[in-house]
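Let's work through a few exercises together. Have a look at the sequence and the 3D view, try each task yourself, and then follow the solution.

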Amino acid sequence: MTHDERGITLIEVLITLTILSFVGISIWNVFFQGYNYSQTSMTKNALIQETNIITSTLKTIHQKSTEYRIVSTGSNCEMTVEPKIKGVVQPAKVLSNSKICISFEIKIGNVSHGSGPITIEPNKNDATIILKASDRNNPKNSTKVETFLFRVKGVDYQ
């Protein structure tokens, strides 16, 4: 009698499925780690861009205004700047973003004034503003920018 034992056994099938499962799970994890890192990086770039826009706006207001007031509004996720040019109150600028929470600290000289409200007179004071922007959905994803607002003495900015 001859026995023809062609084919695979149940143990071989189970071992093959186990190995394929490990390989599949590993590939799946690498894919999602890359995806999460990509999303975090995109959010970080958006935070940096938002702080750059706010910094640019504040520098322009600092150079053009005779006086301005910075107020933290809402749930500390936005700021309002109320400029005055030659004593005339200008429309307030609300600096906010629906996906980003913005907080700030103001220093004049070495004195910290917290998050305002504070009135700054550019002809008398230079100011340092520390902006912190964080993702509203993931507050751990944040960036911090410190900028110095100044006027060059002797230049007429109006």
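In β2, which residue is the bridge partner of V71?

The bridge partner of V71 is T80. Before going on, note that this is a predicted model in which local features need pLDDT of at least 70 and side-chain atom pairs count only at pLDDT 80 or more, while totals for chains, interfaces and linings use all residues. Residues are numbered from 1 along each chain as its sequence is written, and side-chain values use heavy atoms, with hydrogens and water left out.

**Exercise 1. Find the strands that pair with β2.**

Step 1: Start with the vocabulary. Strands (E, at least two residues) and helices (H or I, at least four) are DSSP runs, numbered from the N terminus. Two strands pair if DSSP finds at least two bridges between them.

Step 2: Take strand β1 (residues 67-73) and strand β2 (residues 78-85). Seven bridges join them, and they run antiparallel.

Step 3: Move on to strand β4 (residues 93-95), which is joined to β2 by three bridges, again antiparallel. Here M79 stands opposite L95 in β4.

Step 4: Finish with strand β3 (residues 88-89), which pairs with β2 in the antiparallel sense over two bridges. I85 has V88 in β3 as its bridge partner.

**Exercise 2. Describe the backbone and surroundings of K86.**

Step 1: Place the residue. K86 is in the loop between β2 and β3, and the hairpin of these strands has two residues between them.

Step 2: Check the backbone angle. Phi of K86 is near 55 degrees, a positive value in a residue other than glycine. For background, most residues other than glycine have a negative phi.

Step 3: Decide whether K86 is buried or exposed. Buried means under 20% relative accessible area, exposed over 50%, and partly exposed in between (1.4 Å probe, protein chains only). K86 has 63% relative accessibility, so it counts as exposed.

**Exercise 3. Map the open sheet, and then locate S134.**

Step 1: Write down the order. The open sheet has four strands, β6-β5-β8-β9, with antiparallel pairing. Its edge strands are β6 (111-112) and β9 (142-149), each pairing on one side only.

Step 2: Look at one pairing. Strand β5 (residues 100-108) and β6 pair over two bridges in the antiparallel sense, and K107 stands opposite S112 in β6.

Step 3: Find S134, which is in strand β8 (residues 127-135). S134 is buried because its relative accessible area is 12%.

Step 4: List its neighbours, where contact means heavy atoms within 4.5 Å. Not counting residues up to four places away in sequence, S134 touches several residues, among them L47, K99 and I100.

**Exercise 4. Classify the aromatic pairs.**

Step 1: Learn the rule. Rings of Phe, Tyr and Trp (its six-membered ring) pair if their centres lie within 6.5 Å; planes under 30 degrees apart count as stacked, over 60 as edge-to-face and the rest as tilted.

Step 2: Count them. A search of the whole structure finds three aromatic pairs.

Step 3: Classify F31 and F32. Their ring centres are 5.1 Å apart and their planes are at 80 degrees, so this pair is edge-to-face.

Step 4: Classify F148 and F150. This pair is stacked, with 6.0 Å centre to centre and 20 degrees between the planes.

Step 5: Look for a cluster. Ring pairs link W28, F31 and F32.
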